[in-house]
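Student: Could you take me on a close look at the empty spaces in this structure and at the helices around them? I work at the bench, so a connected walk-through would help me most.

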Amino acid sequence: MRDVAIIGFAQTDHVRREQLRNEVEMLMPVLEEVRTRAKVTKDDIGFTCSGSTDYLAGVGFSFVMTLDGVGPWPPIQESHVEMDGAFALYEAWVKLQLGEVDCALVYGYGKSSPGPLHEVLSRQLDPYSVAPLWPDAISLAALQARTALEAGTVDEAAMAEVATRSRKAGLGNPKAQIAWDRSVEEYLAEEPIVDPLRRSDCPPITDGAAAVVIAADGFARERCERPAWIRGIDHRIDPMALGLRDLSEATSARLAADHAGTGAGGFDTAEILAPFTHQEVLLRTALGLNGDTDINPSGGALCANPIMAAGLIRFGEAAQRIIDGTSNRAVAHATSGPCLQQNLVAVLEGEA
């Protein structure tokens, strides 16, 4: 296996509605910034992989247009996943393992504001028995939260702690869309919007984008003083049918964590994609994280949740702390699908 590391990360300022720029215009400064941070040029990049969904744009093959922001001429090696950019990072990691290239550019983006997001996300569900009911993401998350509360794997106090801690952490993140400092009592005073979820349990609708550069072996060490090495990475999937899953736990996340190597512990940072408060509680258990780990110091998806980029941002935020020297060993996590259906987990480390 080749040593592969994240050597650069950049993201947009995340907003509720990006009215002035299209996806290409939104991406171009991010791509320029990440190349500068990683000390690479366009010619250094042997592979480009993106993550997005045409359903948000409402245009088939819309991802092809964003290659204008990359610069696809002369012809480049390029691929795309209809998922979060974190899963594009996984594909790029595999590409580097093949030994054909030494450096890859990965980006993810999403403008959630133009269309009815609750209808768009329902298209990822079972097309025969669930999608025709048009359930929205918050209602599905509420179903999971109620199941976990009744099973005892989550409690209201833990959800309150996640909401207040995450939004307070966002005050230190200049890229965050939502951040505040409120008490648990103020959280508990909120009326549920979809029982048992309060508004503070839910993520904001966000427009945004992010990009990372990953590189292998000597190339990474040459361009970055302190690369964030990917020491383990794994992706697992639960069944699509909600009735075939135990929603009170995150089974595929636990399997991915086991195979990525989180069992050794000793993590000082964890960036996990938990759009809803109860999901962070379930993921902390699945990933084996304890009180010694600083979880989502960026504020996480509760502060900014650009669909198709939020998972890649978790990888970038975790890696950036290693690159900066403020962290030495971190967990990065991304999820996709309803109720934590798919989970990608990675162990990141600084130089030994």
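Tutor: Here is a walk through the spaces, then the helix contacts, and then a few points in the backbone.

Please keep in mind that this is a predicted model. Rolling a probe the size of a water molecule over the atoms shows where empty space is left.

Let's start with helix H12, residues 310-324. In the second largest pocket, about 270 Å³ of space is found. The lining of this pocket counts 17 residues, and those that lie nearest its centre are Phe9, Gln11, Asn173, Glu317 and Gln320. Two or more lining residues come from each of strand S1 (4-11), helix H1 (23-38) and helix H12 (310-324). Of these contributions, the one from H12 is the most, at four residues. If you sort the pocket lining by class, you get five nonpolar, six polar and six charged residues.

Next come the enclosed spaces. Searching the whole structure turns up two cavities of 30 Å³ or more. The volume of the largest cavity is about 70 Å³. Around the largest cavity are 13 lining residues, with Asn173, Gly300, Ala304, Ile313 and Arg314 nearest its centre. You may recognise Asn173 from the pocket, where it is also listed among the residues nearest the centre. H12 turns up again too, giving four residues, the largest share of the lining of the largest cavity. By class, this cavity lining consists of six nonpolar, five polar and two charged residues.

H12 also meets another helix. The axes of helix H4 (residues 85-97) and H12 come within 5 Å, crossing at roughly 65°. On the H4 side, the contact is made by Gly85, Ala86 and Leu89, and on the H12 side by Gly311, Leu312 and Phe315. Four of these contact residues are nonpolar and two are polar, with no charged residues. Just ahead of this helix in our tour is methionine 308, in the loop between strand S8 (294-295) and H12. Methionine 308 is not a glycine, yet its phi is positive, about 80°. Most residues other than glycine have a negative phi, and most peptide bonds are trans.

Now for the second largest cavity, which holds about 40 Å³ of space. Its lining is made by Glu23, Thr53, Leu56, Ala57, Ser62, Tyr109, Gly110 and Lys111. Helix H2 (54-57) and strand S4 (103-111) each give at least two residues to this lining, and S4 gives the most, with three. In terms of class, there are three nonpolar, three polar and two charged residues around the second largest cavity.

Glu23 leads us from that cavity lining to a helix contact. The axes of H1 and helix H3 (residues 62-70) come within 8 Å and cross at roughly 45°. With that angle, H1 is therefore oblique to H3. The crossing of H1 past H3 is right-handed. H1 brings Glu23, Val24, Leu27, Met28, Leu31 and Arg35 to the contact, while H3 brings Met65, Thr66, Asp68, Gly69 and Val70. The class count for the contact of H1 with H3 is six nonpolar, two polar and three charged residues.

Following the chain on from H3, we reach proline 74, which lies in the loop between H3 and strand S3 (78-81). The peptide bond running from tryptophan 73 to proline 74 is cis, and its omega is near 0°. Another cis peptide bond links aspartate 195 and proline 196, with an omega of about 10°. Proline 196 sits in the loop between helix H8 (184-188) and strand S5 (207-216).

One more helix contact rounds off the tour. The axes of helix H7 (residues 156-169) and helix H11 (residues 277-287) come within 8 Å and cross at roughly 105°. H7 and H11 are therefore roughly perpendicular to each other. From H7, the contact residues are Ala158, Met159, Glu161, Val162, Ala163, Arg165 and Ser166, and from H11 they are Thr277, His278, Glu280, Val281 and Arg284. By class, the contact of H7 with H11 has five nonpolar, three polar and four charged residues.

If you would like a thread to follow on screen, start from H12: it gives four residues to the lining of the second largest pocket, four to the lining of the largest cavity, and Gly311, Leu312 and Phe315 to the contact with H4.

Note on methods
Residues numbered from 1 in each chain as written. Predicted model: local features only at pLDDT ≥ 70, side-chain atom pairs only at ≥ 80, totals over all residues. Heavy atoms only, no water. 1 Å grid on protein atoms, 1.4 Å probe; cavity = no way out; pocket = protein on both sides within 12 Å on 5 of 7 lines; lining within 4 Å. Points joined across faces, edges and corners; volume = space filled by probe spheres on them. Nonpolar A, V, L, I, M, F, W, Y, C, P; charged D, E, K, R; others polar. Axes fitted to C-alpha atoms, helices over the stretch in contact; angles between N-to-C directions. Parallel < 35°, antiparallel > 145°, perpendicular 65-115°, else oblique. Left-handed = near helix turned anticlockwise from the far one by under 90°. Contact = heavy atoms within 4.5 Å.
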